[in-house]
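Trainee: I'd like to learn how to read the features of a model like this one. Could you take me through it?

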Amino acid sequence: MKYNKSFAALVAAGMVRGSLAQTWCGKNFMANQSVVPPGGQFVLPTQSIEPLLSFRCAPVFRPYLQEDAKSAAFVVDTPIVYDWIAGAEPILLPSTSSSSSSSSGLGSLSVTISVGSVKTTANVPLNATNFQIPVDISKLQAQKTKYSVSCSATYTAPSSSKSQPAYNQKFKTSASLLYLPDTNASVTKTDLRTGALWVRPANGKGGAFAPFVPQGFYINFDQYLAKNLTMIDQLKADGFNTIHPIPPYDNLTIFQEVVDKTVSAGMYIVYDMRSNYQNLTAVTQQVKTYASIPNLLNWETAHEPDGNSDPQNAAQSTYDLIYQLDGYHPISIVLNCEDYNFSPYVKGADIVIQDAYPIGINATYSPVWHTVCTPDFGHCGCDNCQGTLSDVKTRVQTYKERLNIMGFDRTKSVWTTPQAFGSGAYWNTTPTGQQWAAMGFTSFSHGALGSKSYQYPTTTGNVTTIEGTATNLTVLTTQFIQPFIVDPNVTFASYDYLGVDAGLWHNGTAYLLLVANLVNAEVYVPWKEVGLGSITNATTQLQRVFSVSQNTNATGLNFRPGGIGIYTATPP
């Protein structure tokens with residue numbers, strides 16, 4: 001279906017209707033309302049002068065099935081930090097140790113993992129991340145109820161003198177293990193080493209689990225999908241692997257046709273409960289009806305509960321119920337606000353999705369409400385945004401950092417919602433294909449592990465449009481980006497040089513470099529500024545996978561405004 005401005009205006013109008021509450025993100029925004037600080041801000045941890053141990057453990061996969069029991073494992077993290085993040089405790093280090101930048105000479109911890117009748121002990125280096133401990137759970141009974149896990153550690157600092165007595169320090173944390181019966185129905189696992197999903201083929205014919213990065217679109221069910229099922233064929237042809245029908249699903253017969261058609265196409269589907277997620281009776285009925293469809297990727301419950309000021313415990317209540325009924329699929333929520341009651345809402349999700357839509361807004365004055373926008377007042381379509389691509393980068397990075405502070409860095413992941421609409425209401429333009437791609441690139445470079453654009457149909461035609469760009473980019477994302485970001489053994493670093501955002505992954509053999517110029521200026525970036533200073537011959541050691549408004553020379557990268565690129569590198 002061809003994108004046009006009347007459709008864009010309809011989408012935008014729907015989003016305005018969705019914000020007709022008296023506040024948005026806790027803020028008043030109408031001309032007849034006064035300025036009232038919204039509250040609900042995330043509390044950053046205080047710093048510590050002395051070193052702290054952030055001891056955490058989690059099963060490698062959620063859930064484990066009976067078939068996995070012998071190969072199960074836990075991942076343990078023992079980083080030294082200097083912020084009072086969740087669970088951090090003081091640790092006495094050897095007197096010769098002056099920083100946490102090196103693990104040399106710090107020694108190790110004796111870590112014991114206890115779950116039910118199973119107990120395993122192993123030595124884990126201090127200041128380690130992603131350390132795996134095999135744990136055979138075959139003696140446990142597979143069940144819907146999560147097992148409580150106790151993880152304890154004893155640390156004896158290496159003594160600098162034989163005459164100085166060793167001092168044992170003890171630490172403890174907890175986790176949960178979801179160990180479910182085998183099933184031939186759909187199962188979506190989460191690799192808690194990376195946050196990536198693992199799935200069987202969506203066609204329902206069985207097969208091995210494999211890592212998976214969702215690339216999809218939201219699409220209104222009643223308004224578009226129910227009237228034109230060929231949209232599924234088009235999205236498949238564009239290279240997308242996931243479809244997210246927006247409820248209500250009023251015609252259940254056609255909804256089943258959507259399910260059947262996506263199964264045939266080998267596409268995954270997200271089941272959205274935004275319309276009634278607070279009605280636990282309705283949630284129960286939906287889970288019992290659709291939990292077994294062969295291509296169910298995950299449940300999505302609360303959509304922008306922070307914007308709408310939904311009850312702060314509602315998402316968690318629904319989350320707990322769905323896990324009692326199912327457990328084989330993760331649960332996502334979408335947050336719209338930059339900083340409003342983040343902590344209580346994310347407790348109701350495994351996947352936290354950001355949906356900042358910055359392209360085409362007036363960041364200081366609302367064309368809809370004819371009022372100013374400040375941190376304490378107003379609704380300009382993108383909460384506390386500047387109206388640039390950097391808003392997406394900042395939102396993803398901020399959500400990741402908050403989850404780590406809360407102790408959820410292993411158990412909750414972040415996805416992104418690239419803006420694929422505009423030209424109405426708060427937005428005076430629609431992103432170009434290049435801008436749409438840049439939002440995805442910067443999201444991946446800051447930890448996002450899934451992408452569902454809002455919404456389809458979008459701009460289509462030549463390569464400057466969103467759909468025109470997607471046709472090439474979705475395939476390259478699967479072929480080049482996915483293998484790196486789902487690999488638990490890669491190293492990763494992000495860089496910002498004069499407004500150019502870069503993510504660099506290294507799998508021990510090759511590098512993946514994602515770059516996006518987030519500023520409206522020409523920029524030159526030397527190789528060393530994106531972690532590739534070891535390149536000696538760009539012609540032989542660098543492979544261009546994809547680029548727009550961007551190229552390279554012997555010493556670095558050249559960017560025009562908004563330039564983007566994907567490269568692999570094998571320096572000596």
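Mentor: We'll go from confidence to backbone geometry, then to a helix, some contacts and the empty spaces. Keep in mind that this is a predicted model.

Trainee: Confidence, then. What is the mean pLDDT of the protein, and where is the pLDDT below 50?

Mentor: pLDDT is the predictor's own confidence in each residue. Here the mean is 94, and 93% of the residues reach 70 or more. Residues 6–13 are the stretch to treat with care, with pLDDT below 50. That stretch has 15 contacts in the model beyond near neighbours in sequence.

Trainee: On to the backbone. Which peptide bonds should I look at for cis geometry?

Mentor: The general idea is that most peptide bonds are trans, and most residues other than glycine have a negative phi. In this model, Y454 and Q455 are joined by a cis bond with omega about -15°. Q455 sits in strand β24, residues 451–456. Then look at the bond from Y456 to P457, which is also cis, with omega near 0°. P457 belongs to the loop between β24 and α10.

Trainee: And phi? Which residues other than glycine have a positive value?

Mentor: Take N341 and S549. N341 has phi near 55°, and its place is the loop between β21 (331–335) and α7 (342–346). For S549, phi is likewise near 55°, but this residue is in strand β29, residues 542–552.

Trainee: Are N341 and S549 buried or exposed?

Mentor: The cut-off you need is that buried means under 20% relative accessible area. N341 has 12% relative accessibility, so it counts as buried. S549 is at 19%, so it is buried as well.

Trainee: How do I read a helix? Let's use α9.

Mentor: Start with its span. α9 covers residues 433–444, 12 residues in total, and runs 17 Å from its first C-alpha to its last, close to the expected 16 Å. Then look at what surrounds it.

Trainee: How many of the residues of α9 are buried?

Mentor: In general, an α-helix has 3.6 residues a turn, so residues three or four places apart point the same way. In α9, 10 of the 12 residues are buried, so the helix is largely enclosed by the rest of the structure. Among the buried ones are W436, M439, F441 and F444.

Trainee: What does a contact list tell me about a single residue? Try Q286.

Mentor: Set aside the neighbours within four places in sequence and see what is left. Q286 lies in helix α4, residues 280–290, and is buried at 12% relative accessible area. Its contacts beyond those neighbours are Y271, M273, N276, A291 and W299.

Trainee: And F131? Which residues is it in contact with?

Mentor: F131 lies in strand β10, residues 131–134. With a relative accessibility of 27%, it counts as partly exposed. Leaving out neighbours within four places, F131 touches F74, V75 and V76, along with N123, V124 and P125. As for a distance, F131 and L335 are 204 residues apart along the chain, and their C-alpha atoms are separated by 31 Å.

Trainee: Now the empty spaces. How do I tell a pocket from a cavity?

Mentor: A pocket is open, whereas a cavity is space from which the probe cannot get out. The largest pocket holds about 1,200 Å³. It is lined by 39 residues, and the closest to its centre are R193, K400, D409, R410 and F492.

Trainee: Which element gives the most to the lining of the largest pocket?

Mentor: That's α8, with 5 residues. Other elements that supply at least two each include β6, β23 and β25. By class, the lining has 17 nonpolar, 12 polar and 10 charged residues.

Trainee: How many cavities of 30 Å³ or more are there?

Mentor: There is 1. The largest cavity has about 150 Å³ of space, and the residues closest to its centre, out of 15 in the lining, are Q215, W436, F444, S451 and T477. Our helix α9 gives the most to this lining, with 5 residues. β17, β24 and α10 are among the elements that each supply at least two.

Trainee: And the classes in the lining of the largest cavity?

Mentor: You'll find 8 nonpolar and 7 polar residues there, with no charged ones.

Conventions:
Residues numbered from 1 in each chain as written. Predicted model: local features only at pLDDT ≥ 70, side-chain atom pairs only at ≥ 80, totals over all residues. Heavy atoms only, no water. Buried < 20%, exposed > 50% of the residue type's maximum accessible area, 1.4 Å probe, protein only. Expected span 1.5 Å × (residues − 1). pLDDT = per-residue confidence, 0-100. Contact = heavy atoms within 4.5 Å. 1 Å grid on protein atoms, 1.4 Å probe; cavity = no way out; pocket = protein on both sides within 12 Å on 5 of 7 lines; lining within 4 Å. Points joined across faces, edges and corners; volume = space filled by probe spheres on them. Nonpolar A, V, L, I, M, F, W, Y, C, P; charged D, E, K, R; others polar.
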